[in-house]
Amino acid sequence: MKAGMNRTWNARYSLSLLILLSSIIFLCNGQDYGTPTEDGAGGGEPPPEMAHCNGIFMSYSFGSREREYPHFKNVTAQSWAFKATAMIVNAGKEELKGWQMFIGFRHKELIVSATGAAPMDGDYPLDASNGTTFVGSPNTDLKTSIETAGDFTQISTNIEITGTLFGVAKSVMPMPKTLKLINDGWECPAAKRKGGNMNVCCKRNPKFKVKTGPKTKFAPRRYGDLNIVYDVLQSSGSNYLAQVTIDNDSPLGRLDRWNLTWEWTRGEFINTMRGAYTHKRDPSECLYSKAGQYYKDLDFSQVMNCQKKPAISDLPPEKKNDNVTGKLPYCCKNGTLLPSSMDPWKARSIFQLQVFKLPPDLNRTALYPPQHWKIDGVLNPQYKCGSPVRVDPSPFPDSSGLPAITYAIASWQVICNITKPKAQASRCCVSFSAYYNNSAVPCNTCACGCNDIDTNTCNADRNPLLLPPDALLVPFENRTLKAKAWAKQNHMTIPKKLPCPDNCGVSINWHVNTDYRDGWTARLTVFNWRGFAFEDWFVAVDMGKAGPGYENVYSFNGTRVPPNNRTVMFQGLHGLNYLVGQVNGTNPLRDPAVPGKQQSVISFKKKNINGLNIPGGDGFPTKLFFNGEECALPKHFPKKSSGHRDGISVLMSLVFAMAATFALMMD
């Protein structure tokens with residue numbers, strides 16, 4: 001009996017030991033490459049192709065797609081929700097700092113989200129029709145397997161991508177065109193593709209010379225049109241003090257009354273602020289949030305803002321010396337950011353904020369910047385901001401006045417670049433006229449959009465009617481009779497439904513004034529149809545081939561813009577840098593409104609410029625900017641016909657000049 005019991009016990013003991021050993025072996029095998037984490041690092045078996053890569057290995061795997069609403073029979077119009085996974089692994093022997101992975105999407109992809117990385121080209125949802133570049137977030141650098149003992153969480157990042165694509169038949173696999181590493185000094189061959197997978201191994205270019213400069217612990221700072229830095233200056237367990245610095249680094253960029261927004265992703269809120277203010281201050285938003293539940297003894301009536309997406313603006317100048325909200329360098333300019341060539345002091349803006357945190361981030365080193373940054377102005381360029389990228393802490397002069405340097409606790413950089421306005425999305429427009437043609441080419445129809453007008457009463461797709469030059473001096477609603485009379489006089493067709501207006505708050509007329517053997521002149525007139533003035537306004541004109549011949553401007557200040565000197569920036573003279581707003585006519589019941597306007601003649605030389613044809617188009621701008629915003633140019637310029645009469649054209653030019661001059665004198 002005892003022997004039987006011993007045999008049963010031994011069998012059970014052996015079976016238990018076998019199960020335990022099997023579990024240990026299974027667990028060990030499962031940890032070869034780490035486990036997936038929330039930030040996208042690690043995860044899964046590596047592709048077999050990675051075994052042959054001694055550099056930076058990248059892959060893209062298409063996961064799935066599902067037909068989205070609305071459903072169309074037309075394949076090109078149908079949208080699909082898709083999921084894909086990208087991976088980047090440092091399989092080499094040197095650390096990769098600030099990795100940048102370009103995925104060449106080509107099916108009108110709209111990226112809705114991505115874990116483990118952030119797009120450099122803007123915020124979600126992101127138009128990736130021409131591809132997009134991802135950077136690590138929060139894992140910006142990829143260490144080597146050698147220095148981490150093969151820790152996959154430190155040498156790799158997984159990117160889970162969710163988005164929408166268009167125009168692909170169900171039988172077609174919608175893969176990117178390219179996959180490459182765009183960090184300096186790296187070369188990538190064409191990616192290999194098999195079905196829904198593609199991969200590439202990028203290696204160091206041995207001929208690439210590394211730029212000498214200070215070594216950085218984090219990603220090197222980048223250049224952009226607008227450079228925003230988020231510095232943490234002080235930190236305690238539950239809150240920290242941050243400083244936001246906005247630098248305008250574009251020679252043509254500008255912001256007026258800037259409005260900055262971002263998104264808190266970990267429940268943070270702004271307790272106090274200096275140098276700026278939030279547009280909304282509602283204590284109830286705090287009381288009924290997680291912040292109100294945790295900070296039970298905090299007086300939320302004194303809290304600046306508890307919104308997840310606060311809207312922040314600069315303070316007016318009268319708050320500059322306020323002991324509570326002001327007394328901060330570069331603050332309180334009413335949101336004006338000018339190019340440094342105009343005013344270096346107005347090219348920077350600074351404000352500070354005290355940020356309160358929530359669990360589980362109650363640690364002095366648990367610091368996370370806000371995401372999804374956006375900035376805009378009144379009539380300025382449209383900026384597209386990337387995600388915050390961790391950089392080396394910013395240096396500051398020591399507050400004691402001693403010749404010492406202090407550093408921020410942590411710093412992040414946000415780069416915002418100017419985007420070209422889409423069709424019918426500009427905020428200013430240009431009209432063309434010339435001494436050799438009786439008609440002026442007005443601003444494009446709906447140049448600044450037609451969303452706010454009834455297109456049943458006008459044609460949004462028709463080219464504008466040619467006008468007599470003096471019609472440019474009156475608002476669009478007062479031009480109809482002049483346009484019809486001019487069309488009838490010049491035997492031009494008058495459509496039953498007239499073109500819609502341009503709907504622009506600012507318009508600029510470029511008039512070719514003279515053309516002679518050694519040079520030529522033009523007249524620039526700026527019209528402000530808005531109800532407010534523009535201070536420190538400027539116009540920048542890219543003259544293409546004729547640009548190097550710029551000689552002088554007579555009623556503005558003119559400055560060439562390097563490096564090619566084809567672009568000239570014009571500003572109002574001292575004391576005349578206000579472009580006043582539109583005012584009522586002398587008799588509002590009878591006379592049309594009068595726009596604010598400024599005008600000057602500009603002279604050019606033809607010396608050393610071969611083949612310059614002023615009437616053929618060389619006398620007109622290829623690009624024109626008002627306060628940094630690229631204005632919509634006409635689709636055509638005035639043509640010089642063989643049968644035109646110079647005398648009448650010159651007479652019309654003189655009439656327009658006299659009318660404009662008289663209007664300026666009356667202002």
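Glu 95, Lys 97 and Lys 143 are tied together in a network of salt bridges. That's a handy way into this predicted model, so let's start there and work outwards.

**The salt bridges**

Within the network, the side chains of Lys 143 and Glu 95 meet with N and O 3.8 Å apart. The two come from distant parts of the chain: Lys 143 is in the loop between β7 and α2 (145-148), while Glu 95 is in the loop between β2 (79-90) and β3, and 48 residues separate them. Neither end is hidden away: Lys 143 is partly exposed at 32% relative accessible area, and Glu 95 is partly exposed too, at 26%.

As background, side chains of opposite charge can pair when their charged atoms come close. Across the whole structure, a search turns up 16 salt bridges. Here are three of them side by side, with the relative accessibility of each partner.

| Salt bridge | N to O distance | Accessibility of the Lys or Arg | Accessibility of the Asp or Glu |
|---|---|---|---|
| Lys 143 and Glu 95 | 3.8 Å | Lys 143, 32%, partly exposed | Glu 95, 26%, partly exposed |
| Arg 254 and Asp 256 | 2.7 Å | Arg 254, 0%, buried | Asp 256, 10%, buried |
| Lys 280 and Glu 285 | 3.0 Å | Lys 280, 37%, partly exposed | Glu 285, 26%, partly exposed |

The Arg 254 and Asp 256 pair deserves a second look. Arg 254 counts as buried because its relative accessibility is 0%, under the 20% cut-off. Asp 256, at 10%, counts as buried as well.

**The four-stranded sheet**

The loops that carry Lys 143 and Glu 95 adjoin β7 and β3, and both strands belong to an open antiparallel sheet of four, running β5-β7-β3-β9. At its edges are β5 (117-119) and β9 (179-181), each with a partner on one side only. On average, neighbouring strands here are turned by 30° against each other, direction ignored.

Now zoom in on β3. Residues 100-103 of this strand pair with β9 in the antiparallel sense over three bridges, and β3 pairs with β7, again antiparallel, over four. Phe 102 has partners on both sides: Lys 180 is its bridge partner in β9, and Thr 133 stands opposite it in β7. Next to it in the register, Met 101 is bridged to Leu 181 of β9.

In a regular strand the side chains alternate between the two faces of the sheet. Which residues cover the two faces of β3? Gln 100 and Phe 102 are on one side, Met 101 and Ile 103 on the other, and all four are buried.

Thr 133, the β7 residue facing Phe 102, lies in a strand that spans residues 132-136. At 7% relative accessibility, Thr 133 is buried. Leaving out neighbours within four places in sequence, its contacts include Gln 100, Met 101 and Phe 102, along with Ala 118, Pro 119 and Ile 182.

**Other strand pairings**

Strand β4 (residues 110-115) also has two antiparallel partners. With β6 (residues 126-127) it makes two bridges, and Leu 110 is matched there with Asp 127. With β8 (residues 156-166) β4 makes five bridges, and Ser 113 stands opposite Thr 162.

Further along the chain, six strands form an open sheet with mixed pairing, in the order β27-β26-β28-β29-β36-β32. The edges are β27 (437-441) and β32 (550-553), and the twist averages 20° from one strand to the next. Edge strand β32 pairs with β36 (residues 596-605) in the antiparallel sense over three bridges, and Asn 552 has Ser 603 as its bridge partner in β36.

**A two-sided helix**

In helix α6 (residues 480-489), Ala 483, Trp 486 and Ala 487 are buried. They sit on the same side of α6, because they cover an arc of only 100° around the axis. Leu 481, Lys 488 and Gln 489 are exposed on the other side. The spacing fits a general rule: an α-helix has 3.6 residues a turn, so residues three or four places apart point the same way. Just after α6, His 491 takes a positive phi of about 60°.

**The whole chain**

Stepping back, the protein chain has eight helices and 38 strands. Of its 667 residues, 48% are buried. Among contacts between residues at least 6 apart in sequence, 70% join residues at least 24 apart. The chain exposes about 34400 Å², with carbon and sulfur atoms supplying 54% of that area.

Technical notes:
Residues are numbered from 1 along each chain as its sequence is written. This is a predicted model: local features need pLDDT of at least 70, side-chain atom pairs count only at pLDDT 80 or more; totals for chains, interfaces and linings use all residues. Side-chain values use heavy atoms; hydrogens and water are left out. Two strands pair if DSSP finds at least two bridges between them. Axes are lines fitted to C-alpha atoms, for helices over the stretch in contact, and angles run from 0 to 180 degrees between N-to-C directions. Buried means under 20% relative accessible area, exposed over 50%, partly exposed in between (1.4 Å probe, protein chains only). Contact means heavy atoms within 4.5 Å. The arc is that of the directions from the helix axis to the C-beta atoms. Accessible areas come from the Shrake-Rupley method with a 1.4 Å probe; for residues, only the protein chains shown count as cover. A salt bridge is a side-chain nitrogen of Lys or Arg within 4 Å of a carboxyl oxygen of Asp or Glu.
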